Amino acid sequence: MKYSALSLLRAGLGGHKDWPRAWRDPEPKSHYDVILIGGGGHGLTTAFYLAAAHGVKNVAVLERSWIGGGNTGRNTTIVRSNYRLPQLHALMELSLKRWEGMSDEINYNVMFSQRGALFLGHSDSDMLQLAQKGDAMRADGIDAELMTRDQVARLIPLLDVSAGARYPVQGGLIQRRGGTARHDAVAWGYARAADRLGVDIIQNCEVTGMDITSGRITGVQTTRGAIGADRVGIAVAGNSGRVAAMADLKLPIESHLLQAFVSEPVKPMIDTVIMTQSLHCYISQSDKGEIVLGGDPDAYPTYSQRGAPHIIEKAAAEALALVPALSRLRMLRSWAGTTDMSFDGSPFIDATPVEGLYFNGGWCYGGFKATPGSGWLFAHLLARGESHPVAAPFRLDRFETGHTMDEPGVGPMPQNR
Amino acid sequence: MSGGSRLPAGGLIDRSRTLRFGFDGRDFTGHPGDTLASALLASGVRVFGRSFKYHRTRGLLAAGVEEPSALVGAGEGGRFEPNTRATDLHLYDGLVAESQNRWPSLALDVGAVNQLIAPFIPAGFYYKTFLGPPALWKLYEHVIRAAAGLGRPPHLPDPDRYERRAAFCDVLVVGAGPAGLSAALAAARSGARVALAEMDSRLGGSLLGDPAQIDGQPARDWIAASETELRTLGVRVLTRTTAIGYYDHDMVYLAERVVEPGAATGDDGIAQRMWRMRAGRVILAQGAIERPLPFEDNDRPGVMLSGAVRTYLDRFGVAAGQRIVLATSSDDAYRTAIRLCDAGVRVEALLDARSGDAIDADLLRRTRDRCPVETGVRPVRALGGAKGVTGLAAAAAGGAASFIADVIAVSGGLTPSVHLHMQAGGGLDWDEGRGIFTPTAPRQGQVSIGACAGRFGLADALSDAWRAGLDAAAATGGRPVADTPPRFEGRAFADQISAFVPAPGVNPKKVFVDPQNDVTLGDLDLAWREGYRSVEHQKRYTTLGMATDQGKTSNLIGLARLAQNEGRPAPQVGLTTFRPPFIPTTLGLWAGEDAGFHVTPLRRTPLHDQHAAFDPPWQAVGYWRRPRAYLRAGETLATAALREARMVRTTVGITDVSTLGKFEVSGPDAAQLLERVCATSVSKLAVGRGRYTFMLREDGLVNDDGTVWRLAEDRFLLTSSTGGADRMAGLISYVRNVLYPDLRVGAANVQEHHAAIAVAGPRARAVIAAVVEGMAPPRHMSLGRGVVAGVPVLVIAASYSGERAFEVYAPSHQAVAVWTALAEAAQAQDGGLYGLEALEILRVEKGHVETGGEIDGRTSAHDLRLEKMLNPRGGYVGQLAQQRPAFADPDRLQFVGVESLGGPIAEGSMLVERPGFAVQGHVTAAGLRVLEEGFVGLALLKGGRARPGDELLAWSPTRTASARVRVCEPVFHDPAGERYRD
Amino acid sequence: MMLIPCPHCGPRAHAEFTFDRPVEAITRPDDTADALVRNLFSRDNPRGHSRELWRHTYGCRAWIALTRDTATHAITDVQAWGAKA
């Protein structure tokens with residue numbers, strides 16, 4: 001049933017009894033053209049675009065638990081393409097354009113809200129950095145505007161713009177097309193859309209091994225039996241190392257953790273996504289009214305999904321330094337996601353040394369915004385066996401060759417990122 | 001007449017004093033010991049607020065922190081706190097509170113129109129509609145956002161302080177109910193350092209108001225005696241303190257309310273305090289939370305938890321209603337019924353879903369002595385409307401009946417509070433019969449006792465707790481005492497059955513599970529039908545349990561519904577994870593003392609006051625602030641900077657460079673260490689000489705640059721950039737201690753030991769000669785030692801500006817005298833002070849690379865034209881990584897100069913053929929010729945080293961600025977270096 | 001917040017320490033280029049026991065090697081690292 005206001009009205013009159021399942025619950029087949037390991041946003045979008053853009057419909061998405069349960073459901077929902085490096089411009093802008101058509105494309109309202117993504121500058125040197133970033137974006141065809149302090153103050157009246165602030169606001173760089181989306185809806189919407197095109201979404205199906213003969217993958221072992229495949233794509237943020245190890249691969253990835261938290265819901269108080277050039281916190285308000293906050297990563301390897309509280313304390317302090325009126329809002333919920341940190345901060349979308357096995361990962365803490373672009377590019381790679389030009393730089397062997405893409409220029413240690 | 005009222009006697013309130021407060025503009029009174037909820041209930045108020053989605057009226061469900069519905073805004077001005085639970089707001093004189101999520105008033109609320117369209121807006125409706133382009137969604141969204149949210153947002157800065165304290169104990173006991181008290185007594189008597197955290201304002205928990213006798217004395221007396229003993233034994237007793245997070249290695253965060261939400265603080269200005277409590281063992285005695293029963297319109301004001309009705313009675317002396325009907329599936333409601341009857345409150349009936357033979361005969365008899373008890377009866381529908389319930393329709397096997405009541409007290413059994421146990425990584429067991437999860441497999445030093453362990457009986461709780469207290473003490477070095485545990489000699493009466501399934505015929509769409517977010521059983525069923533069948537999908541799709549109460553009364557009911565729909569036992573469909581905080585906690589408390597200006601430290605150089613006297617514009621450089629220029633009357637920053645730069649080019653200037661990184665490396669292997677850290681050679685340096693150097697990262701890219709000086713055969717001074725100083729400190733320590741621990745060398749970070757003052761300009765030598773005693777000005781890249789104003793100094797001759805220049809190093813605490821002497825001498829030479837802007841103009845014209853500019857973490861030595869300086873012997877950090885093919889790529893961004901063919905160049909602009917063409921590079925620093933006309937800049941350009949003469953556009957679309965530029969060698973001033981050599 | 005047993009200072013809060021790298025990722029300038037790429041730029045990234053180099057940065061500043069479980073954060077071993085004082 002197509003979703004629309006009309007269908008909702010009709011269903012309402014009938015007591016909502018006839019809504020079909022958003023996606024089926026199929027038994028795994030014995031063989032697929034393509035298997036995607038990981039039912040998060042990246043795996044599901046890949047499956048959808050394999051079917052929708054490449055006609056590859058004999059596809060299964062294998063999810064060990066419930067779809068969207070990894071980082072897709074554990075982020076701060078920010079979508080933007082305001083990067084500095086051209087390779088990331090191409091990648092994130094391709095993604096942002098897909099976000100703009102997403103709800104219609106998959107007939108599922110993902111509540112992509114282009115409220116603007118604003119980077120605050122706190123000094124003239126911050127402002128020069130932002131101008132450089134903005135110029136780089138504009139030169140690559142991406143929207144960006146510098147804002148004065150007064151413009152920023154009008155946009156976010158609760159911001160402390162006083163000169164005596166520890167981080168006085170000098171202005172900002174806004175990407176008006178940036179914003180937020182309803183994270184869970186992305187997984188559900190793509191699952192439903194992919195399912196309609198024949199993709200099998202198989203939950204509670206954990207991959208336990210890979211069948212590799214003479215350097216070529218022929219299928220996977222799972223908790224629901226062996227499943228054959230011509231090609232297998234890995235998109236398992238937070239478990240990349242573990243899954244790759246099944247194919248005897250070591251990755252240029254270290255798994256760290258990023259925490260985030262929300263306040264209790266209040267009526268509208270912050271209209272835009274706020275980030276800052278000098279501090280490491282980001283603030284937005286969800287449609288529900290919760291203030292969503294994030295800060296520094298917990299800079300050590302962990303799979304625990306349990307963060308350390310002093311990191312939260314710092315993020316809260318930074319948020320309050322920017323918006324003092326947040327002080328009496330209460331933190332309602334905190335959570336943590338496992339971030340697969342690459343050694344230059346950029347992701348991988350590439351073939352592996354095992355023939356037929358492909359890898360998508362290393363998104364650090366920037367994977368959510370890239371979801372549809374990542375799927376689009378990974379589907380291209382899986383369908384055609386070669387990289388889309390936009391994905392071409394995101395190779396797995398780039399640390400061997402030195403072709404790294406280090407946006408902040410902080411070098412190979414993930415904890416410095 | 002319906003609603004609550006104050007009973008003539010009873011309760012732990014101080015009736016001799018009256019507190020005045022306001023709610024929605026009306027004046028009320030209450031007593032010390034009241035909560036806002038009990039005081040309003042005593043005044044007959046039934047409606048406290050409106051729900052999130054349908055704007056249905058909401059009253060009190062609970063009496064504690066689990067309250068999902070009765071939320072208010074508390075306080076005024078900068079102390080205004082939205083979404084405050086009325087049940088967890090202890091009354092104070094002058095409290096101002098307001099109801100929420102209603103407009104224009106609580107009684108007349110426009111948003112209530114949503115109830116009419118409720119059939120069309122079930123769970124997840126928004127995913128199915130408002131489709132179309134994002135611009136259209138933004139229109140809808142504007143309306144949705146205004147309707148969403150609960151309280152109004154604070155908009156003023158918070159006037160109060162939040163304190164953070166670190167504390168340690170052997171045994172932390174969370175919760176001071178009977179179990180917690182018993183455990184704390186056992187541990188403290190056994191010699192353990194004990195801390196006891198209780199979220200209420202007094203100890204006792206469920207015993208407060210309980211007529212039970214412990215150790216032969218009334219419970220209240222036992223509580224008082226226990227408290228006295230605990231305090232005598234030195235136990236840290238923290239009341240109004242909630243354990244909100246159980247973190248790694250038994251670190252428990254305790255949030256203490258020093259004053260109530262919205263209340264004025266005392267003299268110390270502290271509103272709340274966060275205890276970072278590190279415990280040897282943690283005894284969790286958090287108790288249990290009662291859950292409601294599923295029936296139609298069970299969200300109406302007047303439907304209350306049985307235990308809450310009892311609490312209002314015993315604790316606050318308030319009858320929750322005039323005529324009360326109880327519906328239950330547990331023994332708990334019997335205790336309530338008996339207490340109500342004994343207090344003279346009219347109980348219409350107690351309806352028990354269980355059959356008569358499943359209930360303790362003695363309990364049944366004692367209750368029937370006081371009020372009608374019907375067994376095998378289940379509630380079907382609350383009667384009444386928005387103003388509150390008027391009765392209850394119920395069903396039994398034999399037929400239906402209805403009861404008139406203004407309060408329906410419900411008990412669906414107790415749910416152990418396993419939150420902290422789970423936060424600590426512990427596991428859970430499922431008890432199908434009672435419908436509860438109980439803690440198992442603790443991962444850290446935690447043990448759960450009493451009701452939060454599923455041990456609801458008082459006698460069990462006391463004895464388990466005692467044992468846990470002794471064990472915890474023993475585990476942390478105490479000596480368990482042989483005393484006997486506190487004894488309770490009554491019957492347990494703590495049976496319950498799971499009662500998740502509504503009576504036959506009940507319409508699930510009218511049964512509320514989450515009354516704040518308006519999630520009904522019908523919503524859960526819809527989610528299940530649509531395939532949202534994991535417990536997390538159900539939660540996220542319907543928003544069940546995501547309200548401000550985090551599902552404390554609703555999660556298990558939702559889980560049970562899912563299990564029922566799935567036809568599988570509850571544990572198999574999963575459980576949503578409990579994460580900190582246990583109760584919502586203000587961001588101000590999390591930020592603690594680091595809020596506002598103290599969010600990060602501010603570093604000041606030893607000469608800060610000398611700069612501040614000029615009130616200069618400051619530049620933030622990491623944690624430092626450096627003066628940008630010393631403006632004279634009528635000058636702008638730009639004109640002042642240019643004046644200062646010209647001064648340096650023509651006479652002499654002095655500037656504070658104390659923020660530079662400085663390291664002293666000494667020992668027989670000092671040169672060896674430096675040749676690992678630095679990419680240039682060092683060991684060939686003669687004593688008394690210095691050189692420019694730079695360091696690479698392990699990935700072969702340039703990390704930082706500076707100078708290195710041989711102070712003695714085995715002693716060096718290494719400087720680095722301000723921004724790179726901390727990084728270099730880490731690198732040096734890593735190389736020295738991790739990579740080459742056997743080197744005989746020590747490395748000390750002396751950044752703050754020495755102030756550093758640069759003296760630059762054609763007359764710099766004259767200044768040094770005039771001021772420094774006992775030393776002739778050293779030659780370029782040499783050093784000398786002398787005395788300035790009685791202060792011993794080290795003088796090195798190195799130039800950043802392109803002029804003859806020196807850096808004078810003086811002990812930080814004596815730097816002011818040196819600065820003053822140098823400044824006076826400079827003035828005597830028609831020179832003066834210069835700031836960061838002039839420094840930048842000078843270095844751009846001279847073409848020096850800068851960390852943060854051209855050294856951007858992506859450039860190699862070759863990119864920066866430094867490759868000839870690489871140590872040919874190798875062996876330095878980053879050497880190997882440079883051998884990777886990308887380092888030989890001719891298209892890398894390389895360091896060049898750009899000369900403007902017209903006006904100024906915007907720093908940061910892109911280098912393109914024409915607007916719209918591919919980016920070839922960018923301007924890293926823009927400047928001008930100091931003494932001549934013309935604008936120049938430094939840039940990183942694709943293949944730039946091979947492109948002198950190319951013309952490009954330096955284009956800044958965000959600033960609508962552009963300038964034609966010609967690529968050139970990156971040095972615009974004295975390319976041969978004649979001005980600073982001797 | 002972990003409690004990290006500094007061999008020099010005793011147990012101290014995690015906030016005083018910084019993680020540097022897994023011990024396997026330590027490479028020296030006198031290694032080969034291949035070893036550098038292999039050690040510095042790829043990881044076992046284990047879920048479970050991991051031997052890691054940490055530094056008591058905001059304490060005694062010494063380097064230490066921890067054996068730590070990356071899933072539970074249990075610390076089973078700690079060694080002083082580097083030069084003897």
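# Close-up views of a predicted three-chain model

**Figure 1. Two domains of chain A.** The C-alpha centres of domain 1 of chain A and domain 2 of chain A lie 27 Å apart. The model shown here, and in every view below, is predicted. Domain 1 is built from four stretches of chain A, residues 30-81, 84-108, 183-251 and 344-416. Domain 2 is built from residues 117-178 and 255-342. Where the two domains meet, domain 1 of chain A brings 30 residues to the contact. Domain 2 of chain A brings 28 residues.

**Figure 2. The face of domain 1 that touches domain 2 in chain A.** Three elements of chain A each supply at least two residues of this side of domain 1: β3 (78-79), α3 (86-106) and α7 (240-245). The largest share, four residues, comes from α3(A). What kinds of residues make up the side of domain 1 of chain A that touches domain 2 of chain A? They divide into eleven nonpolar, 14 polar and five charged.

**Figure 3. Chain A as a whole.** Chain A has ten helices and 18 strands. Its radius of gyration is 21 Å, and the globule rule gives 22 Å for 417 residues. The two values are close, so chain A is as compact as a globular protein of that length. Its C-alpha atoms fill a box of roughly 65 × 60 × 40 Å along the principal axes. Buried residues account for 69% of the 417 residues in chain A. Now take the contacts in chain A between residues at least 6 apart in sequence. Of these, 75% join residues at least 24 apart.

**Figure 4. Chain B as a whole.** Chain B has 22 helices and 52 strands. Along the principal axes, its C-alpha atoms fill a box of roughly 110 × 70 × 55 Å. Of its 982 residues, 61% count as buried. Contacts in chain B can be sorted by sequence separation, too. Among those between residues at least 6 apart, 68% join residues at least 24 apart.

**Figure 5. The largest nonpolar core.** This core has 468 residues. Which residues have the most contacts inside it? They are Ala183(B), Ile283(B), Val759(B) and Leu822(B). Helix α10 (residues 458-475) of chain B gives the largest share of the core, ten residues. Ala183(B) deserves its own look. Leaving aside neighbours within four places in sequence, Ala183(B) is in contact with eight residues named here: Val173(B), Ile283(B), Ala285(B), Ile449(B), Ala465(B), Trp466(B), Ala468(B) and Gly469(B). Another core, of nine residues, lies apart from the largest one. Its members include Phe399(A), Leu880(B), Ala881(B) and Ala25(C).

**Figure 6. Where chain B meets chain A.** Here 89 residues of chain B are in contact with 90 residues of chain A. Helix α3 (residues 134-147) of chain B supplies the largest share of the chain B side, seven residues. The chain B side divides into 42 nonpolar, 25 polar and 22 charged residues.

**Figure 7. A strand pair across chains A and B.** Strand β16 (residues 330-342) of chain A is joined to strand β33 (residues 585-586) of chain B by two bridges. The two strands run antiparallel. Look for Arg330(A): this residue stands opposite Thr586(B) in β33(B).

**Figure 8. Strand β50 of chain B and its partners.** Why is strand β50 (residues 935-942) of chain B described as largely enclosed by the rest of the structure? Six of its eight residues are buried, so the surroundings largely enclose β50(B). Strand β47 (residues 893-900) of chain B joins β50(B) through seven bridges, and these strands run antiparallel. In this pair, Leu893(B) stands opposite Lys942(B). Strand β49 (residues 921-928) of chain B also pairs with β50(B) in the antiparallel sense, over seven bridges. Here the bridge partner of Val923(B) is Ala939(B). β49(B) and β50(B) form a hairpin with six residues between the strands. In that hairpin, Gly934(B) takes a positive phi near 120°.

**Figure 9. Where chain C meets chain A.** In this view, 18 residues of chain C are in contact with 23 residues of chain A. Two elements of chain C, β3 (18-22) and α1 (33-40), give two or more residues to the chain C side. That side divides into seven nonpolar, seven polar and four charged residues.

Terms used:
Residues are numbered from 1 along each chain as its sequence is written. Chains are lettered from A and ligands numbered from 1 in the order in which they are written. This is a predicted model: local features need pLDDT of at least 70, side-chain atom pairs count only at pLDDT 80 or more; totals for chains, interfaces and linings use all residues. The radius of gyration is taken over C-alpha atoms; the globule rule is 2.2 Å times the number of residues to the power 0.38. A residue is buried if 20 or more other C-beta atoms lie within 10 Å of its own, exposed if 12 or fewer, and partly exposed in between; C-beta atoms are placed from the backbone. Two residues are in contact if their C-beta atoms, placed from the backbone, lie within 7 Å. Domain bounds come from an automatic or database domain assignment. Ala, Val, Leu, Ile, Met, Phe, Trp, Tyr, Cys and Pro count as nonpolar, Asp, Glu, Lys and Arg as charged, and the others, Gly among them, as polar. A nonpolar core is a set of buried Ala, Val, Leu, Ile, Met, Phe, Trp, Tyr and Cys residues joined through C-beta atoms within 7 Å. Two strands pair if DSSP finds at least two bridges between them.
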